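Please look over the sequence and the model shown here before reading the notes beneath them.

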Amino acid sequence: LFCLSKQNLLFIMSKPAQKQIQFSQAPVRLKKGNTHTATIIWMHGLGDTANGWKDALERIVNSLPHIQAILPTAPKMSITFQGG
């Protein structure tokens, strides 16, 4: 479940792991026109940011003006795979 506010995007996991994560940066928002009928929420991969995908999603939004894209940047957190 995603909850959108003007400032941030909150990600809330479903039970039983209910936990709230507040993203550290405001999400990148892309839209060409004033109205949209569809929204893409693009989640980047490990070690990336919203800005790493901004150009690719801008091309989609520019060619399909009824779509807006929201690209959040996940908070940094240590992971076991990389010695976290």
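The briefing below covers a histidine and its contacts, a pair of aromatic rings, a glutamine in a strand, and a nonpolar core.

The model is a predicted one. His-44 lies in the loop between β5 (38-41) and α1 (54-63), whereas Gln-68 belongs to strand β6, which spans residues 67-71.

**His-44 and its surroundings**

- His-44 has a relative accessibility of 17%, and it counts as buried because the limit for that class is under 20%.
- The side chain of His-44 has polar contacts with backbone atoms, including the backbone oxygen of Asp-48 at 3.1 Å and the backbone nitrogen of Ala-74, which lies 3.0 Å from a polar atom of that side chain.
- When residues up to four places away in sequence are not counted, His-44 touches Thr-49, Ala-50 and Trp-53, and also Pro-72, Thr-73 and Ala-74.

**The aromatic pair**

- A search of the whole structure finds one aromatic pair, which is formed by Trp-42 and Trp-53, with 5.0 Å from centre to centre and 50° between the planes, a tilted arrangement.
- Trp-42 and Trp-53 are eleven residues apart, and each of them is placed in the loop between β5 and α1.
- Trp-42, at 31% relative accessibility, counts as partly exposed, and Trp-53, also at 31%, is likewise partly exposed, because this class covers values between the 20% limit for buried and the 50% limit for exposed.

**Gln-68 in strand β6**

- Gln-68 is a buried residue of the model, because its relative accessibility of 11% is under the 20% limit.
- The side chain of Gln-68 is joined to the side chain of His-36 by a polar contact of 3.2 Å.
- His-36 is also one of the residues that Gln-68 touches when those up to four places away in sequence are not counted, and the others are Leu-30, Lys-31, Ala-38, Thr-39, Ile-40 and Val-61.

**The nonpolar core and Leu-30**

- The largest nonpolar core has seven residues, namely Val-28, Leu-30, Ala-50, Leu-57, Val-61, Ala-69 and Leu-71, and β4 (28-31), α1 and β6 each supply at least two residues of this core.
- Leu-30, a member of this core, is in contact with Leu-57, Val-61, Ala-69 and Leu-71, as well as with Lys-54, Glu-58, Ile-67 and Gln-68, once its neighbours within four places in sequence are left aside.
- Ala-50 belongs to this core and is also among the residues that His-44 touches, while Val-61, another core residue, is touched by Gln-68.

Notes. Residues are numbered from 1 along each chain as its sequence is written. This is a predicted model: local features need pLDDT of at least 70, side-chain atom pairs count only at pLDDT 80 or more; totals for chains, interfaces and linings use all residues. Side-chain values use heavy atoms; hydrogens and water are left out. Helices (H or I, at least four residues) and strands (E, at least two) are DSSP runs, numbered from the N terminus. Buried means under 20% relative accessible area, exposed over 50%, partly exposed in between (1.4 Å probe, protein chains only). A polar contact is a pair of N or O atoms within 3.5 Å; within protein, one must be able to donate a hydrogen and the other to accept it, and residues adjacent in sequence count only if both atoms are side-chain atoms. Contact means heavy atoms within 4.5 Å. Rings of Phe, Tyr and Trp (its six-membered ring) pair if their centres lie within 6.5 Å; planes under 30 degrees apart count as stacked, over 60 as edge-to-face and the rest as tilted. A nonpolar core is a set of buried Ala, Val, Leu, Ile, Met, Phe, Trp, Tyr and Cys residues joined through side-chain atoms within 4.5 Å.
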